[in-house]
Amino acid sequence: MITSDDELMCRFQKGDETAFRRLLERYQDRIINFVFRMLGDEDTAMDIAQEVFVKIYLNAGRYLPGSRFAPWLYRIASNLAINEIRRRKRWRFISIDESASSDDRNYSFELADESATGADEVLLQKEASDSIEKAMTKIPVKYRAPLVLREIEGYDYDEISQILNIPRGTVKSRLNRGRALLKTALYRVNPALKTAAL
Amino acid sequence: MNCSKIKDVLSAFIDGETDSSTNATVQAHLLRCPECRAERDRIEKIGARLRNLPPLTAPSDFEYRIYADIRNRVSSVHSRNRLNWRTVFVPAAAMMVGIIIGSIQLRSPAEIAGGGAGQSMARNLISMSPVTTDSEGLREYTIDTYIPGYSTPVTVDAIPDENEMVQPDRNRSGQSGNYASSQVNRYVLDQVPMRVGYERTIY
C-alpha cells in the first residue's frame with residue numbers, strides 16, 4: 001500500500017527521518033526535471049532542486065496536515081526557479097516577449113511525427129527535441145511555468161493556479177499565450193522546422 | 001464562433017478545461033475548418049514533444065548533498081545563536097559597568113573634580129563660564145553640573161582669544177569677524193566630553 005504524501009509529511013513532522021527520505025525518493029527526479037525545464041541549465045537545476053528539499057526539511061513545520069503536499073513542493077520549486085531566472089535576467093537574459101508577440105501568428109510549421117523512423121528521422125527528432133528545450137528557455141517565465149506544469153507535470157488548471165498563486169483564468173490565458181510563444185520561439189531557434197515535414 | 005475565437009479557446013479545449021457547450025462548438029468548427037485542425041495538431045505535437053523530452057535523474061549523491069547542506073545550515077544557525085548570546089551579553093555587561101561607575105561618580109563629586117568623571121560628567125553639564133587664562137594660553141572654565149551645590153573647574157587648551165577668532169565661512173569670502181561668546185562656549189562644550197577625563201585642572 002502506498003503511503004500518501006500527507007501521511008509521510010505528518011510522520012516527518014513528528015521526527016520520522018525515513019518519511020522525509022521517502023518523499024525525497026518520490027519527488028527528486030520530478031523536481032529536478034521541473035526546475036531544469038524552467039531554467040534550461042542542468043547544474044543550476046540540481047542546485048535549485050537541492051535547495052527545494054532543504055527548504056522542505058527545514059520548514060516542515062509550516063506544512064498543514066491534510067493539505068496537498070505536491071502543490072506546496074512545486075510552489076517552492078517554482079518560486080526558487082523564478083527567482084533564479086530573475087536574478088539572471090538582471091544581468092544578461094533578454095526576454096523575447098516583445099519581439100515574439102508581433103509575429104507569433106505569422107509562422108506555421110510541422111513538427112515531427114512521433115512514429116517517424118529511420119536514421120535521418122532520428123536525427124531530426126533529436127534536433128527537434130534540442131530545439132524545443134532551447135525554445136522553452138526563450139519564452140518569458142510567466143508563460144513557461146504553467147506550460148511546464150501542464151505539459152510535463154500534467155497538472156490541471158486548478159492545481160497550476162494553486163502552485164503559481166494566480167487565478168484559474170490567468171492560467172488559461174497564459175497557457176494559450178505560452179503555446180503560441182513557444183511555437184514562435186521554436187521556429188526562431190530552428191527555422192528548418194517550419195518547412196521540414198518532420 | 002469564428003477561427004479567431006476558436007483559437008482563443010483551443011488551448012483549453014485540448015487540455016479538457018472547457019465546458020460542454022464550448023466543447024461542442026469547437027468540435028463542430030474543427031470538423032469544417034482545416035486551418036484550425038492544423039493549429040490543434042501543432043499544439044498537441046508540441047505538447048507531446050515536451051512530454052517526451054529526455055528526463056534528468058538525480059545524481060547518486062543527491063540525498064547526501066541535501067543532508068550535508070542541512071547539517072551546515074543547522075550548525076551555522078547554532079553558531080549564530082551563540083554569537084547572538086555574546087552580542088547581547090557583552091553590551092549588557094558593559095552597560096551595567098557604566099551604570100555602576102556613573103552612580104559612584106554621582107555620589108562622589110570629589111572624584112569628578114579629580115578628573116575621573118569621563119563622559120558621565122558631560123551629561124551633567126548645564127552651563128560654563130571662563131574664569132582665567134594662564135601664560136600658556138590655556139583657559140580655565142567653571143562648569144556647573146546638575147549635582148546640587150557642586151561645580152568643577154575644567155581647562156581647555158588651544159582656545160584663541162574671542163577677539164582673534166575668525167569665522168571660517170567669512171574667511172573664505174575674504175571678510176573677517178569675531179565669534180560670539182556663545183560659539184566659544186559651544187567649542188569648549190564640544191571638547192569637554194572628550195577631554196574632561198584627563199584635562200589639567202587649575203585650582
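## Chain A at a glance

Helices here are DSSP runs of H or I at least four residues long, numbered from the N terminus. Keep in mind that this is a predicted model.

With that in hand, chain A is quick to describe: it has 10 helices and 0 strands, so to speak an α-α-α-α-α-α-α-α-α-α pattern when read along the sequence. Of its 198 residues, 51% are buried. Take the contacts between residues at least 6 apart in sequence, and 69% of them join residues at least 24 apart.

## The pocket between the domains

Let's look at the second largest pocket, which has a volume of about 180 Å³. Where does it lie? Domain 1 (5–91) and domain 2 (97–195) of chain A both give residues to the lining, so the pocket lies between them.

Two helices of chain A, H4 (69–91) and H7 (141–152), each supply at least two lining residues. H4(A) has the largest share, with 5 residues. The lining includes A:Ser78, A:Asn79, A:Ile82, A:Asn83 and A:Arg86, and also A:Val141, A:Lys142, A:Ala145 and A:Pro146. Rounding out the list are A:Leu164, A:Ile166 and A:Arg174. If you're thinking about chemistry, the lining splits by class into 6 nonpolar, 3 polar and 3 charged residues.

## Helix H1 and A:Asp5

Helix H1 of chain A covers residues 5–13, and its buried residues are A:Asp5, A:Leu8, A:Met9, A:Cys10 and A:Phe12. As a reminder on helix geometry, an α-helix has 3.6 residues a turn, so residues three or four places apart point the same way. Just after H1(A) comes A:Gly15, with a positive phi of about 105°.

A:Asp5 deserves a closer look. This aspartate sits in H1 of chain A and counts as buried because its relative accessible area is 15%, below the 20% cut-off. What does A:Asp5 contact, leaving aside neighbours within four places in sequence? The partners are A:Leu23, A:Arg26, A:Tyr27, A:Phe69 and A:Ala70. With A:Phe69, the C-alpha atoms are 6.0 Å apart, even though the two residues are separated by 64 residues along the chain.

## An unusual phi at A:Asn165

Most residues other than glycine have a negative phi. A:Asn165, though, has a positive one, near 60°. You'll find A:Asn165 in the loop between helix H8 (157–164) and helix H9 (168–189) of chain A. Is A:Asn165 buried or exposed? At 54% relative accessibility, A:Asn165 counts as exposed.

## B:Asp69 and its chain A partners

Over in chain B, B:Asp69 belongs to helix H4 (residues 62–107). B:Asp69 counts as buried because its relative accessibility is 15%. Leaving aside neighbours within four places in sequence, B:Asp69 is in contact with A:Gln50, A:Glu51 and A:Val54.

## How far to trust chain B

Chain B has a mean pLDDT of 67, and 44% of its residues reach 70 or more. Which elements of chain B have the lowest and highest mean pLDDT? Helix H7 (residues 168–172) has the lowest, at 38, while helix H2 (residues 20–32) has the highest, at 93.

Two stretches are worth flagging. Over residues 146–150 of chain B, pLDDT stays under 50, and the model has 11 contacts beyond four places in sequence for them. Residues 193–203 of chain B also stay under 50, with 27 such contacts in the model. Where pLDDT is low, the predicted coordinates should not be read in detail.

Terms used
Residues numbered from 1 in each chain as written. Chains lettered and ligands numbered in written order. Predicted model: local features only at pLDDT ≥ 70, side-chain atom pairs only at ≥ 80, totals over all residues. Heavy atoms only, no water. Buried < 20%, exposed > 50% of the residue type's maximum accessible area, 1.4 Å probe, protein only. pLDDT = per-residue confidence, 0-100. Contact = heavy atoms within 4.5 Å. 1 Å grid on protein atoms, 1.4 Å probe; cavity = no way out; pocket = protein on both sides within 12 Å on 5 of 7 lines; lining within 4 Å. Points joined across faces, edges and corners; volume = space filled by probe spheres on them. Nonpolar A, V, L, I, M, F, W, Y, C, P; charged D, E, K, R; others polar. Domains from an automatic or database assignment.
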